[in-house]
Amino acid sequence: MGDDIEEMGPVDYLVVEFPGNRMTGEGFPLLVDLVDRGIIRILDLCFIRKDSDGSVTALELTDLGDGLDLTVFEGASSGLLGQDDLDEAATALEPGNSAGILVYENLWAAPFARAMRRSGAQLVTSGRIPVQALLASLDEVEATAPGGPAAD
């Protein structure tokens, strides 16, 4: 990946918690579709479990449940994630739950990112707006808008 770093798009990560260690696998085909369509490239995908005593265990794909065929994700490891990253991700989990940790390149944004780097621009900050916060904000706007529920 060393020489290709200048060609890459932005890299993001997600930690998705599965309460009670219940994974349905419903999202995995959608993830594969994003890869197949060239929207993202998976750099790392791993799973952890946080036991009731707070200890963290890395899970193998074969440990993830009956009926989930995750062989398509085997080998999805760039080496970017270390034990310290897994431990940090686990701080966001409730004991007794598991999580998937996904590190991915935004291939769709790579041409824009390359153009910005060539022009000398640099990213100084970024962030995400959680869907719940967005919905709450939209509800507030609707409630205070003329003719909205607050106007009654």
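Start by selecting glutamate 7 and arginine 114: the two form a salt bridge, with their closest N and O atoms 3.4 Å apart. The pair links distant parts of the chain, since glutamate 7 sits in the segment before strand E1 (11–18) and arginine 114 in helix H3 (residues 110–118), 107 residues apart. Keep in mind throughout that this is a predicted model.

Colour the two residues by accessibility. Glutamate 7, at 45% relative accessibility, counts as partly exposed. Arginine 114 is also in the partly exposed class, at 22%; the class begins at 20%, below which a residue is called buried.

**More salt bridges**

Side chains of opposite charge can pair when their charged atoms come close. How many salt bridges does the count come to? The count is five, and two more of them are worth a stop.

Select arginine 128 and aspartate 12. Their salt bridge has its closest N and O atoms 2.6 Å apart. Arginine 128 lies in the loop between H3 and H4, while aspartate 12 belongs to strand E1, so this pair ties together parts 116 residues apart in sequence. Is arginine 128 buried or exposed? Arginine 128 is exposed, because its relative accessible area is 57% and the exposed class covers values over 50%. Aspartate 12 counts as partly exposed, at 23% relative accessibility.

Next, select arginine 49 and aspartate 51, whose side chains meet in a salt bridge at 3.2 Å, N to O. Arginine 49 is partly exposed, with a relative accessible area of 28%, and aspartate 51 is partly exposed as well, with 25%. Leave arginine 49 selected for the next stop.

**Serine 98**

Move to serine 98, which is found in strand E4 (residues 97–106). What does serine 98 touch, leaving aside residues up to four places away in sequence? Arginine 49 is one of its contacts, and the others are Val16, Glu17, Phe18, Asn21, Met23, Ile48, Leu59 and Leu93. Serine 98 counts as buried because its relative accessibility is 1%, and the buried class takes values under 20%.

**Helix H4**

Now select residues 131–144, which make up helix H4. H4 has 14 residues and reaches 20 Å from its first C-alpha to its last, close to the 20 Å expected at 1.5 Å a residue. Show its surface: H4 is hardly covered, and the count of buried residues among its 14 residues is zero.

**A loop residue**

Select threonine 71, in the loop between strand E3 (56–59) and helix H2 (83–90). At 48% relative accessibility, threonine 71 counts as partly exposed. Add leucine 61 and draw a distance between the C-alpha atoms: threonine 71 and leucine 61 are 10 residues apart along the chain, and these atoms are separated by 7.6 Å.

**The whole chain**

Finally, clear the selection and show the chain as a cartoon. Its secondary structure comes to four helices and four strands. In what pattern do they follow along the sequence? The pattern reads β-α-β-β-α-β-α-α.

Of the 152 residues of the chain, 27% count as buried. Among contacts between residues at least 6 apart in sequence, 80% join residues at least 24 apart. Switch to a surface view to end: the accessible surface of the chain comes to about 10300 Å², and 54% of that belongs to carbon and sulfur atoms.

Note on methods:
Residues numbered from 1 in each chain as written. Predicted model: local features only at pLDDT ≥ 70, side-chain atom pairs only at ≥ 80, totals over all residues. Heavy atoms only, no water. Helix = DSSP H or I, 4+ residues; strand = E, 2+ residues; numbered from the N terminus. Expected span 1.5 Å × (residues − 1). Buried < 20%, exposed > 50% of the residue type's maximum accessible area, 1.4 Å probe, protein only. Contact = heavy atoms within 4.5 Å. Salt bridge = Lys/Arg side-chain N within 4 Å of Asp/Glu carboxyl O. Areas by Shrake-Rupley, 256 points an atom, 1.4 Å probe, with all protein chains shown as cover.
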